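This report looks at an annotated binding site and at the protein surface beside a nucleic acid strand. Please keep the sequence and the model at hand while reading.

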Amino acid sequence: MIDPVILRNDPESVKRSQRARGNSEVVVDEALAADALRRAALTEFETLRAEQNEFGKQVKAAPKEEKPALIAQAQQLAAGVKAAEARAKEADAAFDTIAARIENLVIDGVPSGGEENFVTLREVGERSSFDFEPRDHLELGELLGAIDMERGAKVSGARFYFLRGVGARLEIALMNMALDRAMQHGFTPLITPTLVKPEIMNGTGFLGEHASEVYHLPEQDLYLTGTSEVALAGYHASEILDLEDGAVRYAGWSTCYRSEAGSHGKDTRGILRVHQFNKLEMFVYADPADAEAEHDRLVSYQEEMLQALGLHYRVIDVAAGDLGSSAARKFDIEAWVPTQGTYRELTSTSNCTTYQARRLSTRFRSESGKTAPVATLNGTLATTRWLVAILETHQQADGSVVVPEALRPYLGGLEVLAPLDTDARKKG
RNA sequence: GGAAGUAUGUCCGAGUGGCCUAAGGAGCACGCUUGGAAAGCGUGUAGGGUGCAAGCCCUCGCAGGUUCGAAUCCUGUUACUUCCGCCA
C-alpha cells in the first residue's frame, strides 16, 4: 500500500514512479478522487454518529413519560447513521481497491524500462575457462550420483528431482554455511511455515501479478509459499516493533514451491528451474531512514558468499518495469554458468520501503514517539540453484568437482566430489 | 473427528443492556519526599481514523446481527485450554 499522505501531497512523484514502471498514471488521479470521496463520507458518518451518541444520553436522562417520543426520534437518527456508515465503508473499500493498483514508489536512480533495461553495477571474479569440454550441471550431477531427475519425474512429475549422496550433502552444507554467516551478521535463524493463510499471502503482495505461480490448496484454503519471505513478512504483522537497538534481522530457512506457470519449455534441463527447492532468506525490519544502507549491506553479504564459493558474478540494478509491486529497488546477483555462456540469477534482494509493512500493519515507534510503518527488505543468502554454478564452475576434466574451500568444513573436510564408478551409478 | 470452557488495555483482572467516558492491582515514566535508596504520596501511562486546530469518531479475539443505546444479548468465525476418540 502506498503512503496516502504522499499520494495527497505529491501525486506527481507517484505518477513519475508509475511511468518508470510502465504502469498507468490515470490510476493516481482515480485514487485521489476516491480518497476525497472517502474522507467526505467518513466525516458525514462521524458527524451523524456524534449526534446519535449525544441523543442517546438525552434518552437515558429523560423522565419515563418522555422516553417513547424520544426513542421514536432516535430511531430515525439510527437509520440515518446506518446508511451513512454503509456509504463510508463502501467509499473506504473503493479507495483501497484503487490504491492497491498503485505499486511502490520507485527509488530515484533505478533505471526505467523493462527487463532488458537493467544496469550492471559491477562484475566480480574471473570467468572460468576449461581446457576440456565442460559438462553441464546435470551431467555432472548424474556422474556424481548427486542429482536424479528421472526418478523425480517418476514420483512427482516434471521439474521435480532427488538430491542424493553428495548432492544432498552439498545443499545442506551450502545452507549451513549461509546460516553461520547470517548469524555472524546478527540474523536470528527462523524455520518458517510453508503453508500460509490467504490474508498473509495477499498481504505480502504475491496474489497480485504472481498469483498464477502460487500453489493453492483449495480444500484448506492455504497457499504454499514460493519463498520464506511470505512467512517472514507475516511474522510481525499487526505489531509495533522496538527498533531502538537497530534493525530486526531474520534468516529464514524453508522449502519453496513455485508452479512455474507460463515457463513451459524454459530451462527444462536440470535443477535450474524447479517446482521445489530450499532457500535461506534474509529478511530485515528497519527504520525507513536506514533502508537503503541496509539494502547495500544485504548485497554485500551475498557477495561475500559468492566470493567464498569462487563464483564469477555480476550485480545488476533491476529496471523499474521488472520490479515486483512491493519493491522500490531490487539488486540481482547473477552468476556465470559456463555451459550456458551467460549469467543466471542466484540472488535477488529487494528494498520494499514501507509498502509491504503498511499493508501488513507492521510499525515501529519513531523518534517523535509516533508509530510509523517500518521498512522491509529481503534477499537470498543461499538456494538450491547455486549448486548449478558451483558444480559447473569447479568441475575438472574427469567429471570430479573441487569443493570450494569455504564449504569444506561443512562437508567433513571433503575436498573433491568424485564421480561414482559405472557399477555404482547403475545400482543407484 | 466429538464435547465443554476461555478470549477485556503493557501484564493480571472486574465487568449480564445506559453513572463503562472500562473498576481495582502490577509494571513503567515523571514529580514530591530522602544524605542516597526503598517505602509512601501525587500525576501520567493503548492503537487507529479525521480535522489547521479544539475536538469528534472507531477499536473489549475477528466478522455480522438485534437495539434509541452492546464489553454485556444473538449468529458465524479464529486461536487457546481441558476431556473423549483416532493416529504416531
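In which loop is Glu260 found? In this predicted model, Glu260 belongs to the loop between E9 and E10, and Arg258 is likewise placed in the loop between strand E9 (248-257) and strand E10 (276-286). Both residues appear in an unreviewed UniProt entry, which lists under "binding site" Arg258, Ser259, Glu260, Val274, Glu345, Leu346, Thr347 and Ser348.

The surroundings of these two loop residues can be set out side by side, leaving aside residues up to four places away in sequence for the contacts.

| Residue | Other C-beta atoms within 10 Å | Residues touched |
|---|---|---|
| Arg258 | 20 | Glu213, Gly226 and His275 |
| Glu260 | 17 | Arg159, Glu213, Arg273 and His275 |

Arg258 counts as buried because 20 other C-beta atoms lie within 10 Å, whereas Glu260, with 17 such atoms, is partly exposed.

On a wider scale, chain A is divided into domain 1 (4-99) and domain 2 (115-427), and the C-alpha centres of domain 1 and domain 2 lie 44 Å apart.

Turning to the nucleic acid, 16 residues surround RNA strand B, and those that come nearest are Ala50, Asn53, Ala74, Ala78 and Thr371. Helix H3 (26-61) and helix H4 (67-99) each contribute at least two residues to the surface near RNA strand B, with H3 providing the largest share, 10 residues. By residue type, this surface near RNA strand B divides into 6 nonpolar, 5 polar and 5 charged residues.

Technical notes: Residues are numbered from 1 along each chain as its sequence is written. Chains are lettered from A and ligands numbered from 1 in the order in which they are written. This is a predicted model: local features need pLDDT of at least 70, side-chain atom pairs count only at pLDDT 80 or more; totals for chains, interfaces and linings use all residues. UniProt positions are given in the numbering used here, feature names are shortened, and annotations may be inferred rather than shown by experiment. Helices (H or I, at least four residues) and strands (E, at least two) are DSSP runs, numbered from the N terminus. A residue is buried if 20 or more other C-beta atoms lie within 10 Å of its own, exposed if 12 or fewer, and partly exposed in between; C-beta atoms are placed from the backbone. Two residues are in contact if their C-beta atoms, placed from the backbone, lie within 7 Å. Domain bounds come from an automatic or database domain assignment. A residue is near a molecule or strand if its C-beta atom, placed from the backbone, lies within 6 Å of it. Ala, Val, Leu, Ile, Met, Phe, Trp, Tyr, Cys and Pro count as nonpolar, Asp, Glu, Lys and Arg as charged, and the others, Gly among them, as polar.
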